[in-house]
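Me: I would like to go through a structure feature by feature. For each one, give me the general idea and then the case at hand.

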Amino acid sequence: MQKRRMIVAITGASGACYGVQALKMLREIEGIETHLIMSSAGVRTAMEEGVVGSAEEIRALADVTYPHKDIGAAVASGSFKCEGMLVAPCSIKTLSAVAHCYSDDLISRAADVCLKERRKLVLMVRETPLHAGHIALMDTATRSGAIIMPPVPSFYTRPKTLDDLVSQTVGRALDLFDLDHPSVRRWKEGGLS
């Protein structure tokens with residue numbers, strides 16, 4: 001059985017924990033193969049935030065990794081079949097590149113390929129407060145087919161830890177790819193499941 005492939009990108013915005021948690025959760029979903037791209041700013045932010053001890057620890061969570069400047073990588077081609085791409089977190093720089101089809105690195109190129117091939121692209125945009133330019137970029141990217149999903153936590157789940165918040169948010173992002181993780185708490189009539 002061929003595994004379903006997912007691209008995960010980690011950019012330099014604050015919130016590297018979202019990308020790391022996505023890789024961890026995807027490992028727990030049977031039949032998924034992860035392809036990771038981390039920008040140098042993403043590596044630096046992950047280290048600054050203390051998400052893990054090293055970039056190698058993050059890379060070890062993925063099945064395949066690519067240098068973020070390698071425009072010739074497999075994920076840069078429309079012939080690379082995959083479920084789509086999750087950019088977690090997504091910096092405003094990456095959002096701008098996606099919105100303007102400016103593919104100067106592998107993250108923006110792989111994102112552009114997902115859009116042109118009509119595959120799902122979920123951007124967990126991390127910036128606040130937003131000015132009109134940020135909002136215009138989100139609108140432009142959405143019009144091209146991207147899904148903008150700022151990592152806004154849900155509190156109806158009554159999270160007890162930061163990990164609860166991050167896992168629930170990442171789980172909801174994975175829902176957008178029709179990938180169901182058992183840790184996601186779902187609202188049902190009468191309360192949570």
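Me: Which side chain meets that of R186 in a salt bridge?

Reply: Keep in mind that this is a predicted model. Side chains of opposite charge can pair when their charged atoms come close. Here the partner of R186 is D175, with 2.8 Å from N to O. R186 lies in the loop between α7 (162-175) and β7 (187-188), while D175 is in helix α7, so the salt bridge ties together parts that are 11 residues apart in sequence.

Me: Are R186 and D175 buried or exposed?

Reply: R186 counts as partly exposed, because its relative accessibility is 27%. D175 falls under the 20% cut-off for buried, with a relative accessibility of 15%.

Me: Which residues are linked with R186 and D175 in a network of salt bridges?

Reply: R172 and D180 are the other members, so the network consists of R172, D175, D180 and R186.

Me: How many salt bridges does the structure hold, and which side chain does R4 meet in one?

Reply: The count is 8. R4 meets E83, with an N to O distance of 3.3 Å. This pair links distant parts of the chain: R4 belongs to strand β1 (residues 4-10), and E83 to the loop between β3 (64-67) and β4 (84-90), with the two positions 79 residues apart in numbering. Both ends are partly exposed, R4 at 34% relative accessibility and E83 at 27%.

Me: Where do D139 and R143 lie?

Reply: Both are in helix α6 (residues 132-143), 4 residues apart, which is about one turn of the helix. They form a salt bridge whose closest N and O atoms are 2.8 Å apart. D139 is partly exposed at 36% relative accessibility, and R143 is exposed at 69%.

Me: Now the aromatic rings. What does a search of the whole structure find?

Reply: It finds 1 aromatic pair. A pair of aromatic rings is described by the distance of the centres and the angle of the planes. The rings here are those of Y156 and W187, at 5.8 Å centre to centre with 90° between the planes, an edge-to-face arrangement. Y156 sits in the loop between β6 (147-148) and α7, and W187 in strand β7; the pair links distant parts of the chain, 31 residues apart. Y156 is partly exposed at 38% relative accessibility, whereas W187 is exposed at 56%.

Me: How many disulfides does the structure hold?

Reply: The number is 0. For C90, the nearest cysteine sulfur is that of C114, 13 Å away. C90 is also buried, with a relative accessible area of 0%.

Me: Why is the sulfur of C101 not in a bond with that of C114?

Reply: A disulfide needs the two sulfur atoms within 2.5 Å. The sulfur of C101 is 13 Å from that of C114, its closest cysteine sulfur, and therefore too far for a bond.

Me: What should I look for in the backbone?

Reply: Most residues other than glycine have a negative phi, and most peptide bonds are trans. C101 has a positive phi of about 55° although it is not a glycine, and its place is in the loop between α4 (92-99) and α5 (106-116). R118 also has a positive phi, near 60°. R118 lies in the loop between α5 and β5, and it is exposed at 72% relative accessibility.

Me: Which residue does a cis peptide bond join to A88, and which one follows T128 across a cis bond?

Reply: A88 is joined to P89, with omega about 0°, and P89 is found in strand β4. T128 is followed by P129, with omega near -5°; P129 lies in the loop between β5 (120-125) and α6.

Me: What is the radius of gyration of the protein?

Reply: The value is 16 Å, which agrees with the figure near 16 Å for a compact globule of 193 residues. The C-alpha trace spans about 50 × 45 × 35 Å along its principal axes. The protein has 7 helices and 8 strands, and 51% of its residues count as buried. Of the contacts between residues at least 6 apart in sequence, 76% join residues at least 24 apart.

How values were computed. Residues are numbered from 1 along each chain as its sequence is written. This is a predicted model: local features need pLDDT of at least 70, side-chain atom pairs count only at pLDDT 80 or more; totals for chains, interfaces and linings use all residues. Side-chain values use heavy atoms; hydrogens and water are left out. Buried means under 20% relative accessible area, exposed over 50%, partly exposed in between (1.4 Å probe, protein chains only). A salt bridge is a side-chain nitrogen of Lys or Arg within 4 Å of a carboxyl oxygen of Asp or Glu. The radius of gyration is taken over C-alpha atoms; the globule rule is 2.2 Å times the number of residues to the power 0.38. Contact means heavy atoms within 4.5 Å. Rings of Phe, Tyr and Trp (its six-membered ring) pair if their centres lie within 6.5 Å; planes under 30 degrees apart count as stacked, over 60 as edge-to-face and the rest as tilted.
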